[in-house]
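Here are some exercises to work through with the model open beside you. Try each one yourself before reading its solution.

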Amino acid sequence: MDSYKKLLLSNKAWVKEKLEIRPDFFSRMANEQNPEFMWIGCSDSRVPAEDITGTEPGEIFVHRNIANLVVHTDFNLLSVLQFAVEVLEVKHIIVCGHYGCGGVKHALSSKHLGLINKWLRHIKDVYRIHERELDSLKNEEEKLNRFIELNVIEQVQNLVETSIVQRSWARKKMPFIHGWVYDIKNGNINDLCLMTSESHVDKIYKFDFTDEQIKHYSEEV
Ligand code: CO
């Protein structure tokens, strides 16, 4: 059988199973979503946000890209972020990387890979910032694992540097921003860091908002 047909059959079985447990499973979600979490994860097929956190549809607002990056000129990510923070008013944003990440691994090499070089370049910047620590690690696996962790920490930092997060912090001290790394070898999540409205933001990245700007969302990001 064509493998894609299996997905459609599984969908039918899944609908049946959900309705058996809760007859209003779909109808209660049909009109709106009210997720508490935004997820920024890697596109890697082994790291599905809902499965590894035991959550259901409606609980996590998800954005995924190669190596879970927060790039300040990525309108896709910024749109998802703005909607999550200003409209859905999520309480938590989770950046979740994973050990064994191919994107980070390739960024560590000097291989020319075409267009994807442009994307991986952002991860190479993380290496430059933490070069001393990473160069001190002689074991290659250890170095890659730490690079993956530092990449997550830097993406959390990138979120904090957006006006979207800073304005929301000024307004209501939300959201909390978490950095996690998922271990594909054993399924565990390593809780790396947390940044809140009390956290230090480097002065060069800090925005001063007027009362008006805090009160009313403008169309500017
Ligand atoms: Co990955």
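Contact here means heavy atoms within 4.5 Å. This is a predicted model, in which local features need pLDDT of at least 70 and side-chain atom pairs count only at pLDDT 80 or more, while totals for chains, interfaces and linings use all residues. Residues are numbered from 1 along each chain as its sequence is written, and side-chain values use heavy atoms, with hydrogens and water left out.

**Exercise 1. The overall picture**

Work out the pattern of helices and strands that the protein follows along its sequence, and how its contacts are spread.

Solution. Start with the elements: helices (H or I, at least four residues) and strands (E, at least two) are DSSP runs, numbered from the N terminus. The protein has 9 helices and 5 strands, and they come in the pattern α-β-α-β-α-β-α-α-α-α-α-β-β-α. Next, the contacts: of those with a separation of 6 or more, 65% are between residues 24 or more positions apart. For the extent, the C-alpha atoms fill a box of roughly 55 × 50 × 30 Å along the principal axes. Finally, burial. Buried means under 20% relative accessible area, exposed over 50%, and partly exposed in between (1.4 Å probe, protein chains only). On that scale, 39% of the 221 residues are buried.

**Exercise 2. Strand 3 and its partners**

Explain why strand 3 is described as largely enclosed, then find the strands that pair with it.

Solution. Count the buried residues first: 7 of the 7 residues of strand 3 (residues 92–98) are buried, so the rest of the structure largely encloses it. Then sort the side chains by direction. In a regular strand the side chains alternate between the two faces of the sheet. Here His92, Ile94, Cys96 and His98 point one way, Ile93, Val95 and Gly97 point the other way, and all are buried.

Now for the partners. Two strands pair if DSSP finds at least two bridges between them. Strand 1 (residues 37–42) pairs with strand 3 in the parallel sense over 5 bridges, with Trp39 opposite Ile94. Strand 4 (residues 176–182) also runs parallel to strand 3, joined to it by 7 bridges. In that pairing, His98 stands opposite Tyr182.

**Exercise 3. The cobalt site**

Which protein atoms are the donors of the cobalt ion, and how are they spaced along the chain?

Solution. Set the cut-off: donors are N, O and S atoms within 2.8 Å of the metal (3.2 Å for Na, K and Ca), and since water is not among the atoms, sites may look incomplete. The protein donors are Cys42 (SG), His98 (NE2) and Cys101 (SG), at 2.1 to 2.3 Å from the cobalt ion. Along the chain they follow the spacing C-x55-H-x2-C. Cys42 in strand 1 and His98 in strand 3 are 56 residues apart, so this pair links distant parts of the chain.

Check accessibility next. Cys42 has 6% relative accessibility and counts as buried; His98, at 0%, is buried as well. To finish, look around His98: leaving aside neighbours within four places in sequence, its contacts are Cys42, Asp44, Arg46, Val47, Asn68, Ile148, Val181, Tyr182 and Ile184.

**Exercise 4. Helix 8 and the loop after it**

Is helix 8 mostly covered or mostly uncovered, and what is the peptide bond from Met174 to Pro175 like?

Solution. Begin with the helix. Helix 8 (163–172) is mostly covered, with 7 of its 10 residues buried. The buried residues are Ser163, Ile164, Val165, Gln166, Arg167, Ser168 and Trp169. They pack against helix 3, helix 7 (140–160), strand 4, strand 5 (189–195) and helix 9 (211–215).

Then step past the helix end. Just after helix 8, Lys173 takes a positive phi of about 60°, although this residue is not a glycine. Lys173 is exposed, at 52% relative accessibility. Move on to the peptide bond from Met174 to Pro175, which is cis, with omega near 0°. Pro175 belongs to the loop between helix 8 and strand 4.

**Exercise 5. Another positive phi**

Is Ala67, with its positive phi of about 70°, buried or exposed?

Solution. Place the residue first: Ala67 sits in the loop between strand 2 (60–65) and helix 3 (75–87). Then read off its accessibility, which is 0%, so Ala67 counts as buried.
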